[in-house]
Amino acid sequence: MKPFLKWAGNKYAIIDRIKAVLPSGNRLIEPFAGSAAVFLNTDFENAILNDINTDLMTLYRYLQKDGQRFIGYCQTFFVKEMNDADTYYQFRKIFNQTGDERLRAALFLYLNRHGYNGLCRYNNKGEFNVPFGRYSKPYFPAVEMTQFHQKIQTATLTNRNFVEIMEMARSGDVIYCDPPYVPLTETAKGDVEFAFVIVAAQPVVTVAV
Ligand SMILES: C[S@@+](CC[C@H](N)C(=O)[O-])C[C@H]1O[C@@H](n2cnc3c(N)ncnc32)[C@H](O)[C@@H]1O
């Protein structure tokens, strides 16, 4: 199942390698969910999806709750007349100023698909500041959103710092950790990720992917 968002560091391209080493368990916990590529492609009975990005988790919440109605609303922004720099910057401004949570959630998807490289970046004031992407026909991910809506029904969505989520882990939980990339040295490359299963109070299986 392909994530419906473009997301830096998303693991869809290497999902088979991750699945090959991911332990089994009752509940999947993703403290750094991003596009939720791992959740979407595994079949745990329960799941907690968490990310510190409020815009991301608000979008997921609307999709979880409102399904096709929300997907239809998002699609209204994916028309030819709204794919130019002026409209993009107008929508970006509205996104940064509006108090309408639903509109902001729909515009987050618009910005994700119309902005440069699908980047998600905010300035010091917390304003989204990614430039226009200049794509000839941005793809509207109707199919992927519908699949996401169905899959996410039983998941718990949270918007906290990862530490609080790790503390929620109980016996039998599998935690897939994919934190943002922080280079250890100037020349260091590659993400460090961990998956582990909690069978007691302590994690006993740790796999670096
Ligand atoms: C490398 S991405 C995860 C990619 C994800 N595995 C996927 O397949 O799309 C890292 C994510 O961690 C989130 N993040 C950064 N700092 C965080 C924190 N302190 N607590 C929770 N999430 C955080 C970011 O918003 C980002 O979505």
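A residue counts as buried here if 20 or more other C-beta atoms lie within 10 Å of its own, and this cut-off applies to every view of the predicted model shown in these figures.

**Figure 1. The whole chain of the predicted model, with its helices and strands.** The secondary structure of the chain comes to 7 helices and 6 strands, and, read from the N terminus on, these elements follow the order α-β-α-β-α-α-α-α-β-α-β-β-β. The chain has 209 residues, of which 32% count as buried. Among contacts between residues at least 6 apart in sequence, 61% join residues that are at least 24 apart.

**Figure 2. Close-up of helix α5 and what covers its buried residues.** Helix α5 has 14 residues and reaches 20 Å from its first C-alpha to its last, which is close to the 20 Å expected at 1.5 Å a residue. Because 11 of these 14 residues are buried, α5 is largely enclosed by the rest of the structure. The buried residues include Arg104, Phe108, Tyr110 and His114, and what covers the buried residues of α5 includes helix α3 and helix α4, the latter made of residues 85-97.

**Figure 3. Close-up of helix α3 and its kink.** Helix α3 spans residues 54-75 and has 22 residues, but its end C-alpha atoms are only 21 Å apart, short of the 32 Å that a straight helix would reach at 1.5 Å a residue. A kink of about 125° is found in this helix, centred on Asp66. Among the buried residues of α3 are Leu56, Leu59, Tyr60 and Leu63, as well as Phe70, Ile71 and Cys74. An α-helix has 3.6 residues a turn, so residues three or four places apart point the same way. The buried residues of α3 pack against α5 (101-114), α6 (142-151) and β3 (156-158).

**Figure 4. Close-up of strand β4 beside strand β1.** Strand β4 covers residues 173-177, and because 4 of its 5 residues are buried, the strand is largely enclosed by the rest of the structure. Strand β1, residues 27-30, runs parallel to β4, and 3 bridges join the two strands. One of the residues of β1 to follow in this view is Arg27, whose bridge partner in β4 is Asp173.

**Figure 5. Close-up of the ligand and the residues that surround it.** The ligand is surrounded by 17 residues, and the closest of them are Gly9, Asn10, Phe32, Gly34 and Ser35. When the residues of this shell are sorted by character, they divide into 8 nonpolar, 6 polar and 3 charged.

Methods:
Residues are numbered from 1 along each chain as its sequence is written. This is a predicted model: local features need pLDDT of at least 70, side-chain atom pairs count only at pLDDT 80 or more; totals for chains, interfaces and linings use all residues. The expected span of a helix is 1.5 Å times one less than its number of residues. The bend at a residue is the angle between axes fitted to the seven residues ending there and the seven starting there. A residue is buried if 20 or more other C-beta atoms lie within 10 Å of its own, exposed if 12 or fewer, and partly exposed in between; C-beta atoms are placed from the backbone. Two residues are in contact if their C-beta atoms, placed from the backbone, lie within 7 Å. A residue is near a molecule or strand if its C-beta atom, placed from the backbone, lies within 6 Å of it. Ala, Val, Leu, Ile, Met, Phe, Trp, Tyr, Cys and Pro count as nonpolar, Asp, Glu, Lys and Arg as charged, and the others, Gly among them, as polar. Two strands pair if DSSP finds at least two bridges between them.
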